[in-house]
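Reader: Please take me through the terms applied to this model, setting each value against its cut-off.

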Amino acid sequence: MPSISRKGQLMPESPIRKLVPFAEEAKRKGIHVIHLNIGQPDIKTPQAALEAVKNNTLEVLEYSRTEGSETYREKIAAYYAKKGISVSADEILVTTGGSEALSFVMGSIADSGDEIIIPEPFYANYNGFATASGVRVLPVVSRIEDNFALPSIEEFEKRITKKTRAILICNPGNPTGYLYTKNEIQKLAEIAKKHDLFLIADEVYREFAYDGREHHSILQEPGLEENAIVVDSVSKRYSMCGARIGYLVSKNTAVIRTALKFAQARLSPPTYAQIASEAALSTPQSYFDEVKKEYTERRDILIAELEKIENIKIGKPQGAFYCIVELPIKDADDFAQWLLEDFRVNNETVMVAPAAGFYATEGLGKNQIRIAYVLEKDSLKRAVNILKEALKSYIG
């Protein structure tokens, strides 16, 4: 019988999606499943984006340019300019989602066997992108007791070898909701320059910074022009996950030129999705102000309800819309499956994402879950109550 590749065997399973069959079976039984497991916002997509697709006059759905349409990239550059970041359209490459941008980056900067340092827990698909590229992830552990703040720079330097190509962060963080301070970004910039590394920042949650905090991009760091690579996306910013439009941004011309070769192999990003994404850039600031207000209220309700549960630890989010919770159990995978198969409150249960899949270090996160607070407030309250009652029953 023909064999599967070792790379294919090593590809990690998504901790977010692997429980889907159990959730679907629960739904077939008539049970209402409250989804805390996936970051699919319930916020309405800006009407301008939807109307741009409905009202377009295309007669032929042609290929777009490999790097994305020029008008769209120029408008992305204008968006960054409003954030105090100076980039040109030529320094932007439009991709099929932020996921493809990350894949292009890894393919462009690292060869098989090279290493990338990532603070963990991190977005689970980083493991997948690294495996697909033959890249080894070297994790630096951040701790829930420190609210997942940046580990010491000494811990990063301990892991730097001749094979180290980059440091990768998500800011604000998925799955932690942690927002790196300007000082922390500066420390990372210094170590990147000192050791001649790339600093990659996944900034797709840039708009979601709470409590008066401000997001500080690596593109704002002076002297980092050749080192900095930003991955961005419309998915969360405009509640357009299904558009699958992202982009990478760098002033390093070799990075953009190399990533373009990978992009040429897939021809072009989708035309209709670019039309919608370009129109979304006209979204007024009031939209984001309302969205931030809503997510802040949801976060506050979630934390307040979670704090009523005994013997748990909570990473308190400062951005994005995720929260890591440490539970008084040994195996969150088993607990999450049990929730879907065996536990109900008023014919409802919850689906959570076990957090072990957000770590690269074996054994870490086994008693943690990630909660995405992308639901309306009453559903969040009911979900946490189910979680509280479930723990009583599960622990006995």
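**Terms and values**

Author: Four strands form an open sheet in the order β9-β10-β13-β12, with antiparallel pairing. Its edge strands are β9 (313-314) and β12 (353-354), each of which pairs on one side only. The model is predicted, and local features need pLDDT of at least 70, side-chain atom pairs count only at pLDDT 80 or more, and totals for chains, interfaces and linings use all residues. Residues are numbered from 1 along each chain as its sequence is written, and side-chain values use heavy atoms, with hydrogens and water left out.

Reader: What makes β12 and β13 a pair?

Author: Strands are DSSP runs (E, at least two residues; helices are H or I, at least four), numbered from the N terminus. Two strands pair if DSSP finds at least two bridges between them. β12 and β13 (residues 368-372) have 2 bridges, in the antiparallel sense, so the criterion is met. One of the bridges joins P354 to I369 in β13.

Reader: In which sense do β1 and β11 pair, and over how many bridges?

Author: β1 (residues 32-35) pairs with β11 in the parallel sense over 4 bridges; I34 has V350 as its bridge partner in β11. Both faces of β11 (residues 348-351) are covered: E348 and V350 lie buried on one side, T349 and M351 on the other.

Reader: Why is S142 called buried, while K18 is called partly exposed?

Author: Buried means under 20% relative accessible area, exposed over 50%, and partly exposed in between (1.4 Å probe, protein chains only). S142, in the loop between β4 (136-141) and α7 (153-159), has 7% and is therefore buried. K18, in the loop between α1 and α2 (20-28), has 29% and therefore counts as partly exposed.

Reader: Which residues does S142 touch, and which does K18 touch?

Author: Contact means heavy atoms within 4.5 Å. Residues up to four places away in sequence not being counted, S142 touches E120, P121, F148, A149 and P151, and K18 touches E13 and D333.

Reader: What makes the approach of the S142 side chain to E120 a polar contact?

Author: A polar contact is a pair of N or O atoms within 3.5 Å; within protein, one must be able to donate a hydrogen and the other to accept it, and residues adjacent in sequence count only if both atoms are side-chain atoms. The side chain of S142 reaches the backbone oxygen of E120 at 2.7 Å, so the distance satisfies the limit.

Reader: How do you know that R143 and E145 form a salt bridge?

Author: A salt bridge is a side-chain nitrogen of Lys or Arg within 4 Å of a carboxyl oxygen of Asp or Glu. R143 and E145 meet at 3.6 Å, N to O, so they qualify. R143 is partly exposed because its relative accessibility is 42%, and E145 because its value is 44%. R206 and E203 meet at 2.9 Å, N to O, and both residues are buried. The structure holds 33 salt bridges.

Reader: Is each partner in the bridge between D300 and R299 buried or partly exposed?

Author: D300 and R299 have their closest N and O atoms 2.9 Å apart. D300 is partly exposed because its relative accessibility is 40%, whereas R299 is buried because its relative accessible area is 7%. Elsewhere, salt bridges that share partners join D42, K293, E294, E297, R298 and K377 into one network.
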